[in-house]
Amino acid sequence: EDTTPGQSSSIPNPYDRRSNRGRSDFDNPHRLVGTYVWALPTLRDRSPWLRGVLGGWESTGIVTIRNGFPFNPTSGTDRSLSGIGLDRPDVIGNPNLPSGRSRAETIARYFNPSAFQLNATGTFGTTPRNYMRGPGAATFDLSMMKGFQLREGLRLQFRTELFNAFNTPNFAPPFAAANTPARFGRIESAGDPRIIQMALKLSF
């Protein structure tokens with residue numbers, strides 16, 4: 001990242017590069033990714049009907065579980081009068097709320113908005129870079145496929161793919177502009193719900 005004063009709009013305070021030191025936008029200390037491939041028996045010694053319906057299926061899957069990514073609470077307005085518009089609020093308390101709250105409570109208030117106040121006019125705010133961490137995510141994508149030999153040299157494959165197969169809600173970081181108190185700290189969006197797609201492929 002270019003941190004040359006006055007040349008990068010990603011620096012809230014162009015006169016103090018040290019104030020922009022902190023966690024990377026991509027900081028993700030805990031991330032688990034697992035995959036599998038499962039080939040079911042072909043059931044060649046069974047009846048043609050049973051073999052055609054249940055035999056020869058293949059399944060693959062990817063599971064990803066990770067922490068949330070860091071984010072910056074912002075002032076939402078150019079109170080520093082710098083023309084950059086990336087001021088951060090002042091930290092005046094503990095923004096962390098108790099764990100174990102319900103999903104509805106977490107969505108309504110992901111962090112304690114009272115822990116921040118708008119920075120004074122002419123200042124850039126005291127909140128460090130990427131001070132907060134957003135919600136984590138857990139996704140499971142899977143696919144199932146089966147091939148049918150129609151005749152010599154002609155094969156049909158059916159496959160179905162499920163993204164976020166268990167329809168797990170994976171929330172985006174909360175609204176973080178302190179100049180809008182009604183929305184400050186509230187989660188307003190999430191990742192994709194379950195998506196299913198099916199396809200046929202003819203090989204010859």
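Start by selecting G76, which sits in the loop between β3 (70-71) and β4 (90-91). Keep in mind as you go that this is a predicted model. Is G76 buried, exposed or partly exposed? Its relative accessible area is 42%, so G76 counts as partly exposed. Now show what surrounds it: setting aside neighbours within four places in sequence, G76 is in contact with D87, A177 and N179. For a sense of distance, add T121 and draw a C-alpha to C-alpha line from G76; the two are 45 residues apart in sequence and 13 Å apart in space.

Stay in the loop between β3 and β4 and pick L81, which is found there too. Check its backbone: L81 has a positive phi of about 60° although it is not a glycine. Most residues other than glycine have a negative phi. Turn on the surface as well, and L81 comes out as exposed, because its relative accessible area is 64%, and the cut-off for exposed is over 50%.

Next stop, the sheet. Colour β1, β2, β7, β8 and β9, and you have an open sheet of 5 strands in the order β1-β2-β7-β8-β9, with antiparallel pairing. Which strands are at the edges? They are β1 (31-39) and β9 (195-203), each pairing on one side only. Looking across this sheet, neighbouring strands are turned by 10° against each other on average, direction ignored. Strands of a sheet pair through backbone hydrogen bonds, so show the backbone for the next few steps.

Walk through the pairings, beginning with β2 (residues 58-66), which pairs with β7 in the antiparallel sense over 9 bridges. Select R66 and you'll see A137 of β7 standing opposite.

Move on to β7 (residues 137-151) and its partner β8, again antiparallel and over 9 bridges. Two spots are worth clicking here. M145 stands opposite R159 in β8, and Q149 stands opposite R155 in β8. Follow the chain round the hairpin of β7 and β8, where 2 residues lie between the strands, and stop at G153, whose phi is positive, near 80°.

The next pair along is β8 (residues 154-163) with β9, antiparallel over 9 bridges. Select Q157 and its bridge partner K201 in β9, then F158, which stands opposite L200 in β9. Which way do side chains point along a strand? In a regular strand they alternate between the two faces of the sheet.

Leave the strands for the loop between β8 and β9 and pick N167, which lies there. Here is another non-glycine with an unusual sign: N167 has a positive phi of about 55°. Its relative accessibility is 36%, so N167 counts as partly exposed.

Finish at the largest pocket, with a volume of about 150 Å³. Which residues line the largest pocket? Select T42, R44, P48, R51, G52, G55, G56 and K146 to show the lining. Then highlight helix α1 (residues 48-54), which supplies the largest share of that lining, 3 residues. Colour the lining by residue class and it divides into 1 nonpolar, 4 polar and 3 charged.

Notes:
Residues numbered from 1 in each chain as written. Predicted model: local features only at pLDDT ≥ 70, side-chain atom pairs only at ≥ 80, totals over all residues. Heavy atoms only, no water. 1 Å grid on protein atoms, 1.4 Å probe; cavity = no way out; pocket = protein on both sides within 12 Å on 5 of 7 lines; lining within 4 Å. Points joined across faces, edges and corners; volume = space filled by probe spheres on them. Helix = DSSP H or I, 4+ residues; strand = E, 2+ residues; numbered from the N terminus. Nonpolar A, V, L, I, M, F, W, Y, C, P; charged D, E, K, R; others polar. Pairing = 2+ DSSP bridges. Axes fitted to C-alpha atoms, helices over the stretch in contact; angles between N-to-C directions. Buried < 20%, exposed > 50% of the residue type's maximum accessible area, 1.4 Å probe, protein only. Contact = heavy atoms within 4.5 Å.
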